[in-house]
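This report describes a protein model with a bound ligand. It turns from a salt bridge to the domains, the ligand shell, the surface and the backbone.

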Amino acid sequence: MQEPFGPMVALVGAGPGDPGLITRRGAELLARADLVLYDRLVSPEILELAQAARQMVCVDQLPGCHPDRIGTIGQAMVEAAEEGLRVVRLKGGDPILFGRCLEEVEPLIDRGIPYQIVPGVTAALGAAAYAGIPVTDRRLASAVALVTGHENPAKTEGSLDWEALARFPGTLVFYMGIARLENLANRLMAHGKSPDTPASIVAQATMARQRVLVATLGDLVAKAREADLKAPAVCMVGPVVRCRQTMDWFDRQPLAGRRILVCRPKDTDGGVLVTQLRDLGASVHNIPTLEIVPTRAGDIPGLVAGSRPDWDWLVFSSQPGVQAFFERLDTLGLDARALAGARVAAVGEQTGTALARHGIRADLWSQAGNAESLAAELVGQVDGQTVLLVRADRGRDVLARTLGPVCRVLEWVAYRQEDRKALHPAEGDWLAQAPLDAVVLTSGNIARALAKLLPAEHQQAIQTGATGVFSLSPVTSAVIRELGWPIAGESAEPSMRALVQVVRQKMQTRQGSA
Ligand code: SAH
């Protein structure tokens, strides 16, 4: 859809790593962007917000070597904007901090192209918050300086006033390559900063693999060498570093540092599972392995416009079934009143919640249940009646088989489940970043589809037990075993809450850290 206001370019801060730290405005612009030009460090989950983008380009892949790439980026933005595209230039952290922001927008200014700048959480402040280091504190520091430790290589040494920095009355935060650390520590000490000053390095801040090293300026270099920290990193110097001893909330979370893959289809309750695991401190990514395709056509058996439905019971076994059913009613020009008089049964908590959204309270609801338990309850109540089952094409036949002998069973296939054929590039990138600690599976079909999508190294990690597989129910577990995958834990009952509970029990990390 073309917007009436013409082209727009936005420089958007993506934050330091945790995909939850992008601003609402940034997410909004990304969702509508045609072209996204992104920094290499931007998290793949943020890139997935760019649902409508026709093109996603990592600026590292643009022609030209690092120092002159700015011109190429500016050029690419100008060309796209002049073609009428909406462009998002997605930058790590905050765009106006060590981001060469002005150089990037100059070509836009020259051509009179409108642009916006959307701030982000800068690495220093993301790192400080997640490491539990307040950059200011009433008793310890009333000012903070953000300093670049890797300057423009063309500049001569000495463009930073080390003497002033050593005297600075507050916290120093250096954005730097690990290789510059020795130079930095030595210069501060040479200009009078005490070797006893507390200092810290926060590497890969705000991500699952965040590492925090606490030292003094005097032994920082030796400790960093030993710890073998990986870029990107910031270095903080000042007495506030000591506060981490009591405020290291990130590492105290039960699932801190855990990387967990969830595979719920889009638009189902993947959100519940993901948010509950994230609340426990895990880094979680939902990669759907099935696509839900509503059939959107065909008559609903027993439903004739203008008269009472022909069924006594209407049975929903999943949330997408509820959604597809009401969408179909809508296209038939009907609404919930078409159900008048029919009784309603549902399997699973999300199915019940979805019905409630349509103003329907299930008469029979196997909340934590499965098809077996609902069928067992229903079978005593439907003798000689007509039951409509709303189901997926590949759903299990438990309900039809159990109810068939005692009542008339009608079925409506509400949606198809299709295996996804390939991963989105951003999903592949997320998987490639590091090994997984856990995979959480909620159905056999999801598990089978994952076995076809998941790169070989991750499947090996599952087989050796390095990655734990968690299962929602015995039915799901049976399929997982067929795939030859060991099971690290099975939910005590088939509900998302119980599933999260078992993941927590088995995957809990140590409390606190060095
Ligand atoms: N505009 C960015 C900074 C770009 S310079 C911002 O506002 O954050 C790149 C430097 O930022 C890296 O060398 C590193 O020092 C720092 N950095 C970026 N992401 C980081 C992260 N997740 N953890 C620690 N440091 C990070």
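## Salt bridge and domain layout

The side chains of Glu-104 and Lys-91 form a salt bridge, with an N to O distance of 3.0 Å. Glu-104 belongs to helix α4, whereas Lys-91 belongs to strand β4 (residues 86-91), so this pair ties together parts that are 13 residues apart in sequence. Across the whole structure, the search finds 27 salt bridges. The model is a predicted one.

According to the domain assignment, the protein chain contains domain 1 (9-120), domain 2 (124-252), domain 3 (259-289 + 421-512) and domain 4 (293-419). Domain 3 is thus given as two segments, 259-289 and 421-512. Between the C-alpha centres of domain 1 and domain 4 the distance is 46 Å.

## Ligand shell

Where does the ligand lie relative to domain 1 and domain 2? Residues of the shell come from both domain 1 (9-120) and domain 2 (124-252), so the ligand lies between them. The shell holds 18 residues, of which Asp-94, Leu-97, Thr-122, Ala-123 and Ala-233 come nearest to the ligand. By class, 12 residues of the shell are nonpolar, five are polar and one is charged. Strands β7 (171-176) and β10 (233-237) each contribute at least two residues to this shell.

Three contacts between N or O atoms of the protein and atoms of the ligand are set out below.

| Residue | Protein atom | Ligand atom | Distance |
|---|---|---|---|
| Pro-16 | backbone N or O | nitrogen | 2.8 Å |
| Thr-122 | side-chain N or O | oxygen | 2.6 Å |
| Met-176 | backbone N or O | oxygen | 3.0 Å |

On its own the ligand has 550 Å² of accessible area, and the protein covers 87% of that area. Thr-122 appears both in the table, through its side chain, and among the residues that come nearest to the ligand.

## Nonpolar surface patch

On the surface, a nonpolar patch is formed by Ile-96, Leu-102, Ile-109, Tyr-115 and Ile-117. Together these residues have about 470 Å² of accessible area. Helix α4 (101-111) and strand β5 (115-118) each supply at least two residues of the patch; Ile-117 is placed in β5. Helix α4 also holds Glu-104, the partner of Lys-91 described above.

## Backbone features

Most residues other than glycine have a negative phi, and most peptide bonds are trans. Two sites in the model merit mention against this background. Arg-100 has a positive phi, near 50°, and is located in the loop between β4 and α4. The peptide bond from Ala-231 to Pro-232 is cis, with omega near -5°. Pro-232 sits in the loop between α8 (220-227) and β10, and strand β10 supplies at least two residues of the ligand shell.

How values were computed. Residues are numbered from 1 along each chain as its sequence is written. This is a predicted model: local features need pLDDT of at least 70, side-chain atom pairs count only at pLDDT 80 or more; totals for chains, interfaces and linings use all residues. Side-chain values use heavy atoms; hydrogens and water are left out. A residue is near a molecule or strand if one of its heavy atoms lies within 4 Å of it. A polar contact is a pair of N or O atoms within 3.5 Å; within protein, one must be able to donate a hydrogen and the other to accept it, and residues adjacent in sequence count only if both atoms are side-chain atoms. Accessible areas come from the Shrake-Rupley method with a 1.4 Å probe; for residues, only the protein chains shown count as cover. Helices (H or I, at least four residues) and strands (E, at least two) are DSSP runs, numbered from the N terminus. Ala, Val, Leu, Ile, Met, Phe, Trp, Tyr, Cys and Pro count as nonpolar, Asp, Glu, Lys and Arg as charged, and the others, Gly among them, as polar. Domain bounds come from an automatic or database domain assignment. Patches are made of residues with over 30% relative accessible area and no salt bridge: like charges are joined within 9 Å, nonpolar side chains (Val, Leu, Ile, Met, Phe, Trp, Tyr) within 5 Å. A salt bridge is a side-chain nitrogen of Lys or Arg within 4 Å of a carboxyl oxygen of Asp or Glu.
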